[in-house]
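Ready to work through a structure by hand? Have a look at the sequence and the 3D view, then try each exercise before you read its solution.

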Amino acid sequence: MQATVETYDPTTASGSALTDEGNRLQFDHAAVEGGHLRHLRPGQRVHLDLDAEGTVTGLRIF
């Protein structure tokens with residue numbers, strides 16, 4: 001799923017992203033670490049990996 005980073009706190013490695021459909025999804029440090037990302041910033045385009053319940057399990061640079 002494609003999205004745009006809305007918020008990101010580098011101290012906790014968590015934040016939120018807005019999907020192209022307008023849904024806000026929260027992500028935690030595990031999702032960021034799963035995507036092997038070094039930096040994220042608000043406005044950055046990402047691809048979200050979701051589990052069956054819609055929880056973000058990974059982020060990748062789009």
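## Exercises with worked solutions

**Exercise 1. Find A13, say which elements it sits between, and decide whether it is buried or exposed.**

Keep in mind throughout that this is a predicted model. Start with the location: A13 is in the loop that runs between β1 and β2 (14–19). Next, check the backbone: phi of A13 is near 55°, which is a positive value in a residue other than glycine. Last, compare the accessible area with the cut-off for buried, under 20%. A13 has a relative accessible area of 15%, so it is buried.

**Exercise 2. Work out the strand order of the sheet and which strands stand at its edges.**

Begin with the order. The open sheet has 5 strands, arranged β3-β2-β1-β4-β5, with antiparallel pairing. Now look at the ends: β3 and β5 each have a single partner strand, so one side of each is left without a neighbour in the sheet. From one strand to the next, the twist averages 40°.

Then zoom in on two of the pairings. β1 and β4 run antiparallel and are joined by 3 bridges, and here A3 stands opposite V46 in β4. β2 and β3 also run antiparallel, with 4 bridges joining them, and L18 is found opposite R24 in β3. These two strands, β2 and β3, make a hairpin with 4 residues between them, and G22 in the turn has a positive phi of about 95°.

**Exercise 3. Sort the residues of β3 into a covered and an uncovered face.**

A general idea helps here: in a regular strand the side chains alternate between the two faces of the sheet. Now apply the idea to β3. L25 and F27 make up its covered face, while R24 and Q26 make up the uncovered one.

**Exercise 4. Hunt for an aromatic pair and say which strands it ties together.**

Searching the whole structure turns up 1 aromatic pair. The partners are Y8 and F27, stacked with 6.4 Å centre to centre and 20° between the planes. Y8 belongs to strand β1 and F27 to strand β3, so the pair ties together parts that are 19 residues apart in sequence. Both Y8 and F27 are buried. To round off the picture, list the contacts of Y8 beyond four places in sequence: A13, S14, G15, F27, V32 and L40.

**Exercise 5. Which residues touch the most other members of the largest nonpolar core?**

The core has 15 residues, and F27, L40, L48 and L59 touch the most other members. Two or more residues each come from β1 (2–9), β3 (24–27), α1 (29–34), β4 (45–50) and β5 (56–61). Of these, β1 gives the largest share, 3 residues. Take L48 as a sample: leaving out residues up to four places away in sequence, it touches M1, A3, A17, T19, L25, V56, G58 and L59.

**Exercise 6. Where does Q44 lie, and what does its side chain reach?**

Look in the loop between α1 and β4, and there you'll find Q44. Its relative accessible area is 13%, so Q44 is buried. The side chain of Q44 reaches the backbone nitrogen of R41 at 3.1 Å. Not counting residues up to four places away in sequence, Q44 also touches A3, T4, V5, H39 and I61.

Notes. Residues numbered from 1 in each chain as written. Predicted model: local features only at pLDDT ≥ 70, side-chain atom pairs only at ≥ 80, totals over all residues. Heavy atoms only, no water. Core = buried A, V, L, I, M, F, W, Y, C linked by side-chain atoms within 4.5 Å. Buried < 20%, exposed > 50% of the residue type's maximum accessible area, 1.4 Å probe, protein only. Contact = heavy atoms within 4.5 Å. Phe/Tyr/Trp six-rings, centres within 6.5 Å; stacked < 30°, edge-to-face > 60°. Polar contact = N/O pair within 3.5 Å; in protein donor to acceptor, adjacent residues only side chain to side chain. Pairing = 2+ DSSP bridges. Axes fitted to C-alpha atoms, helices over the stretch in contact; angles between N-to-C directions.
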